Amino acid sequence: AREVQEAFLPQQYPTFPEGVAPQKSALRFHPRYLPTATVGGDFFDVLRLSDTEAGVFICDVMGHGVRAALVTAIVRGLVEELRPLATRPGEYLTGINRGLVSILRQTKMPMFASAYYLIADVGRGQIRFANAGHPSPYLLRRNRSVVESLRGDDAKPGPALGVFDDSEYVTATRPLAARDIVMLYTDGVYEVDSRDGEQFGQERLHEVVSRLARCEPAELLDGLLAEIQQYAGGNQFIDDVCLVGVEAAQ
């Protein structure tokens, strides 16, 4: 099961434009994936939409272990099936939600997944995104040492996937500049306790990311994980951890 699930994750990443060497690509990807069990409930994918646009999908299924892993397999199938909608983030999440609700209704099991989908568009210099109950990614504007959350215009995410069959998700837009990094993550990153039982939390996560904002993407992600593990003092992550860095190189 672990081998099959790892095959669901991207094995290599598209380049922008197509055919250039990875180090010359206008968009570059830096993932970190740490399941807490043999199989996990986190999933991400990178879609090539055009020579200047990449779609990045991340989700976190309730719980972990075999049941959560099976739901990630369903979500992955819907991500592929509904790819014609992938240029419109809100409609894409709306379609995935309807498909997931229809399938889960037959199982009679209460299951849901938070998800976030964005398009990094270096041609237009913008990010388009929609959120289904997921922690908002960070946008690191490295030229200005500014870190902001990628939230929708009303600052509230839509419902998690698999809960309501009539949920509709809204697309929001933000500027994207050269050297910007988007860091998508699942809540397992900050739901880690110290030896005193205090959770790492989102506020501390923002502080560490802000401090590491000028680092290169791989150094940023590895440094963040190292700080979290040091804070935990030997405690293990209690939930699956997924980080995906998206770098606008030019």
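**Strands 3 and 4.** I began with the pairing of strand 3 (residues 53-61) and strand 4, which run antiparallel and are joined over nine bridges; the model I am reading is a predicted one. Looking up individual partners, I found Gly55 bridged to Ile119 of strand 4, and Ala54 standing opposite Ala120 in that strand.

**Burial of strand 4.** I then asked myself whether the residues of strand 4 are buried or exposed. Nine of the nine residues in strand 4 (residues 113-121) are buried, so the strand is largely enclosed by the rest of the structure. In a regular strand, side chains alternate between the two faces of the sheet, and I therefore listed the two sides separately, with buried taken as under 20% relative accessible area. On one side I noted Ala113, Ala115, Tyr117, Ile119 and Asp121, and on the other Ser114, Tyr116, Leu118 and Ala120, all of them buried, which leaves both faces covered.

**Burial of strand 3.** I made the check for strand 3 as well, where nine of the nine residues are buried, so this strand too is largely enclosed by the rest of the structure. Glu53, Gly55, Phe57, Cys59 and Val61 point one way, while Ala54, Val56, Ile58 and Asp60 point the other way, and all are buried.

**The strands on either side.** Following strand 4 onward, I counted seven bridges to strand 5 (residues 126-132), again in the antiparallel sense, with Ala115 opposite Ala132. Strands 4 and 5 form a hairpin with four residues between them, and I noted that Gly125 in the turn has a positive phi of about 70°. Going back from strand 3, I found strand 2 (residues 42-48) paired with strand 3 in the antiparallel sense over seven bridges, with Arg48 opposite Ala54; these two strands also form a hairpin with four residues between them.

**Nonpolar cores.** The largest nonpolar core has 51 residues, and I recorded Phe57, Leu118, Leu184 and Val246 as those with the most contacts inside it. Strand 4 gives the most to this core, with seven residues. For Leu118, setting aside neighbours within four places in sequence, I found contacts that include Ala54, Val56, Ile127, Phe129, Leu150 and Leu184. Apart from this core lies another, of 25 residues, among them Ile181, Phe200, Ala213 and Ala232.

**Largest pocket.** Last, I looked up the largest pocket, which holds about 240 Å³ of space. It is lined by 19 residues, of which Gly152, Asp154, Lys156, Gly158 and Val170 are the closest to its centre. Strand 5 gives the most to this lining, with three residues, and the lining divides into nine nonpolar, five polar and five charged residues.

Notes: Residues are numbered from 1 along each chain as its sequence is written. This is a predicted model: local features need pLDDT of at least 70, side-chain atom pairs count only at pLDDT 80 or more; totals for chains, interfaces and linings use all residues. Side-chain values use heavy atoms; hydrogens and water are left out. Buried means under 20% relative accessible area, exposed over 50%, partly exposed in between (1.4 Å probe, protein chains only). Two strands pair if DSSP finds at least two bridges between them. A nonpolar core is a set of buried Ala, Val, Leu, Ile, Met, Phe, Trp, Tyr and Cys residues joined through side-chain atoms within 4.5 Å. Contact means heavy atoms within 4.5 Å. On a 1 Å grid over the protein atoms alone, a cavity is a set of points where a 1.4 Å probe fits but cannot get out, and a pocket is an open set with protein on both sides within 12 Å along at least five of seven lines; lining residues have an atom within 4 Å of a point. Grid points are joined across faces, edges and corners, and a volume is the space filled by probe spheres set on the points. Ala, Val, Leu, Ile, Met, Phe, Trp, Tyr, Cys and Pro count as nonpolar, Asp, Glu, Lys and Arg as charged, and the others, Gly among them, as polar.
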